[in-house]
Amino acid sequence: MATTTTTSPFVFLKCHTSPPCHTETLFTRTSYKAIKPQSQTDDVREEQVVVVGAGIADLATALSLHRLGVLSLVLEQAESLRTGGTSLTLFKNGWMVLDAIGAANDLRTQFLEIQGMVVKSVDGRELRAFNFKQEDQSQEVRAVERRVLLETLASQLPRDSVQYSSQLQRIEASPNGDTLLELVDGSKLLARIVIECDGIRSPIAKWMGFPEPKYVGLASYPDAQYFGPRVNYIYGRRLRAGFVPVSPTKVYWSNNN
């Protein structure tokens with residue numbers, strides 16, 4: 001059974017059964033078919049839940065709500081899913097979430113399970129190495145391509161759940177506790193709940209003092225990458241870097257100087 005606790009304009013969802021849980025629909029969408037951005041108009045479309053942004057956190061949130069029977073509308077300013085970027089390493093807590101929302105099995109078949117980790121100094125000395133299963137038999141580690149993760153999450157949402165070309169221009173609280181959202185094309189939505197996950201370059205993130213993002217990359221080896229199935233970290237003075245195999249031909253790396 002799933003229950004909701006609401007404190008406008010936020011909603012907290014709790015599922016008391018083993019995932020995935022199934023419930024009756026808690027909210028229904030007003031004007032569910034009217035998904036494409038509207039031209040200049042004074043009309044205001046009502047929505048129960050609006051998620052701003054269509055990144056990993058946004059789509060996972062929308063899919064989680066969908067599994068609980070809660071409809072949501074995802075607003076994405078780009079014309080399609082922004083599938084750029086490289087990959088991210090998911091440990092067992094991440095896979096438990098993906099299992100709960102029904103997306104894990106589609107991903108497991110596409111990516112290598114990482115067996116362990118090695119930490120080296122900048123001069124190549126091995127500081128520590130260990131096997132994940134020896135530390136925790138239930139551990140599961142895989143590096144997942146961001147594009148594939150996004151497409152998998154989006155594919156499991158109801159049709160027309162994501163509205164593209166929808167950049168947020170203005171947000172305003174209404175007297176009754178709802179939130180008015182105005183897009184750059186002039187269309188307006190009135191939402192009971194707004195969930196904002198529009199990325200590290202969000203003006204809100206900048207206002208909150210978040211640091212500039214660090215660059216990461218995805219290296220391709222046409223024949224085959226030759227690294228073992230381990231997470232690799234390299235530490236030195238003012239240096240922290242790492243890499244991890246993603247697939248037989250791709251390696252994800254980062255440099256956090």
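Modeller: A nonpolar core is a set of buried Ala, Val, Leu, Ile, Met, Phe, Trp, Tyr and Cys residues joined through side-chain atoms within 4.5 Å. Buried means under 20% relative accessible area, exposed over 50%, partly exposed in between (1.4 Å probe, protein chains only). This is a predicted model: local features need pLDDT of at least 70, side-chain atom pairs count only at pLDDT 80 or more, and totals for chains, interfaces and linings use all residues. Numbering starts from 1 along each chain as its sequence is written, and side-chain values use heavy atoms, without hydrogens or water.

Biologist: Which element gives the most to the largest nonpolar core?

Modeller: Elements are DSSP runs numbered from the N terminus: helices (H or I, at least four residues) and strands (E, at least two). Those giving two or more residues to this core include helix 1 (56-67), helix 2 and strand 15 (239-247). Leu 59, Leu 98, Leu 107 and Leu 153 touch the most other members of its 35 residues. The top contributor, with five residues, is helix 5.

Biologist: Which residues of helix 2 are buried?

Modeller: Helix 2 covers residues 92-100. Its face turned away from the buried side carries the exposed Asn 93 and Met 96. The buried set spans an arc (directions from the helix axis to the C-beta atoms) of only 95 degrees, which puts its members on the same side of helix 2. They are Gly 94, Trp 95 and Leu 98.

Biologist: Is Arg 142 buried or exposed?

Modeller: Arg 142 sits in strand 8 (residues 142-145). Contact means heavy atoms within 4.5 Å; beyond four places in sequence, Arg 142 touches residues including Trp 95, Arg 108 and Glu 113. Because its relative accessible area is 10%, Arg 142 is buried.

Biologist: How far is the backbone oxygen of Phe 111 from a polar atom of the Arg 142 side chain?

Modeller: Phe 111 is among the residues that Arg 142 touches. The distance from that backbone oxygen to the side-chain polar atom is 2.8 Å.

Biologist: Which residue of strand 7 stands opposite Val 118?

Modeller: Two strands pair if DSSP finds at least two bridges between them. Strand 6 (residues 116-121) and strand 7 run antiparallel, joined by five bridges. They belong to an open, mixed sheet of six strands, ordered 7-6-14-15-16-13. Across from Val 118 is Ala 129.

Key: Polar contact = N/O pair within 3.5 Å; in protein donor to acceptor, adjacent residues only side chain to side chain.
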